[in-house]
Structure formats: C-alpha cells, structure tokens
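Reader: Could you walk me through this one, starting with the ligand site?

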Amino acid sequence: MIQKTLVLLKPDAVERALVGRIIERFENAGLKIIGIKMVWVDKEFSKKHYAAHVSKAFYNPLETFIVSGPVIAFVLEGIEAVELVRKIVGPTEPKSAAPGTIRGDFAHHSYKYADSKGIAIKNLIHASGTVEEAEQEVRLWFTSEEMHSYETVHEKHTK
Ligand code: ATP
Ligand code: MG
C-alpha cells in the first residue's frame, strides 16, 4: 500500500517561482520526498516520458512546452500515494480544477484557449496517473542511488 509516484513541476511552475509553494502542499499531506532534482529535458526524453501521447494531436505543442525550460522532478512516497497526489494536483484542465487543488489554485488555462493557440495546456505539474505508470516513470527518471530511505515524523504517527 506504500507507493512511489513521480511528480514534475513543469517549466511554467519553475518560471513562475511556484516551486516552494507547490512542494509545501505535498509535505503538508505527509508525503515523503525520496528523490529530487532539476532537469532540462530534450525532445528525445520527452518522447520517452510521454510515450503514450506521442501519436496524439496535442503531442507537438506538449513537447515544445516540456522542453522550454528546466523542470523539478521528484519522487513522493506514501500510503496510496498515486491517487492521493492526483487528488492534490487536480484534473488536467486548470479551468475545471476545483479551488484547493494545485491546478485550480495557481492556474486558469482552458482546453479551448490552448487549442485555439495550438499550444499545450499550461497546468504547472505532472503526476503519474496509475500505479503502473508511476512504476515506469520513477524508473525512467530516477536511479536507485538517487532515491533515499529515511523515516519521517508522519510515518511514526501512522504506524
Ligand atoms: P500529466 O500527465 O502532465 O500529469 P494529465 O495526466 O492530467 O497530465 P494527460 O492526458 O496525461 O493529462 O496529458 C498530458 C499533458 O498534455 C497535460 O498535462 C497537458 O499539459 C497536455 N494536454 C493534454 N490534453 C491536451 C489538449 N487537448 N490540448 C492541449 N494540451 C493538452
Ligand atoms: Mg498523464
């Protein structure tokens, strides 16, 4: 039941200096950061990360967006972490994301606007969608040496 999940703060979150405020939300929920780094991905790596989307109409704008600046990549660990992180992040479209979610609180981009401009939806953050996706993505982004094992106060209190 303890899961690892991959989170990326996309170039818009880094450029808008939202890194601290976003990471704080996961720490507040008791999730544990077990690995973290800044990476400027290239087009080749984007195709690996977004392999499921490469043939979709929005892939080219998505690739342009994700390679446009550095991202902060981290692995969170916790109880049923994959679903919990997606709940904290909110749905893909910031316009539809409820207040209280990261995408709802810090962005307002819509599908309609993004499609009219031929750009990716600027939604600040990526989070693994399923347990299988999380396992693949953690393996793609982090080596075992880049992840660490330690005990947080939250773990002591959830035993
Ligand atoms: P992520 O995988 O980044 O966490 P998600 O799982 O909510 O987001 P996906 O369907 O996996 O959404 O799409 C990946 C990303 O592609 C989205 O986060 C968004 O930036 C972009 N995107 C998805 N659909 C569209 C669209 N119709 N128009 C523009 N951009 C889109
Ligand atoms: Mg996704």
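Author: Sure, what follows is a short run of questions and answers on a predicted model.

Reader: Which pocket does ligand 1 take up?

Author: The protein covers a good part of this ligand: alone, ligand 1 exposes 580 Å², and 86% of that gets buried by the protein. As for the space that ligand 1 takes, it's the largest pocket.

Reader: What distance separates the polar side-chain atom of Thr-92 from an oxygen atom of ligand 1?

Author: Thr-92 is among the residues that come nearest to ligand 1, along with Lys-10, His-53, Asn-123 and His-126. A pair of N or O atoms within 3.5 Å counts as a polar contact, and the Thr-92 side chain makes one with a ligand oxygen at 2.5 Å.

Reader: And which residues offer backbone atoms 3.0 Å from an oxygen atom of ligand 1?

Author: There are two to mention here. One polar backbone atom sits 3.0 Å from a ligand oxygen, and that belongs to Ile-121. A backbone N or O atom at 3.0 Å from a ligand oxygen also comes from Ala-127.

Reader: Which element gives the largest share of the shell around ligand 1?

Author: The shell has nine nonpolar, four polar and four charged residues. Helix H7 (111-117) and strand S4 (125-127) each bring at least two of the shell's residues. The largest share, three residues, is from S4.

Reader: Away from the ligand, what is the closest N and O distance in the salt bridge of Lys-32 with Glu-77?

Author: Six salt bridges are counted in the model. This one joins strand S2 (residues 32-39), home of Lys-32, to strand S3 (residues 71-79), home of Glu-77, with the two residues 45 apart in the chain. Their closest N and O atoms are separated by 3.6 Å.

Key:
Residues numbered from 1 in each chain as written. Chains lettered and ligands numbered in written order. Predicted model: local features only at pLDDT ≥ 70, side-chain atom pairs only at ≥ 80, totals over all residues. Heavy atoms only, no water. Near = heavy atom within 4 Å. Polar contact = N/O pair within 3.5 Å; in protein donor to acceptor, adjacent residues only side chain to side chain. Areas by Shrake-Rupley, 256 points an atom, 1.4 Å probe, with all protein chains shown as cover. 1 Å grid on protein atoms, 1.4 Å probe; cavity = no way out; pocket = protein on both sides within 12 Å on 5 of 7 lines; lining within 4 Å. Sits in = over half its atoms within 2 Å of the grid points. Helix = DSSP H or I, 4+ residues; strand = E, 2+ residues; numbered from the N terminus. Nonpolar A, V, L, I, M, F, W, Y, C, P; charged D, E, K, R; others polar. Salt bridge = Lys/Arg side-chain N within 4 Å of Asp/Glu carboxyl O.
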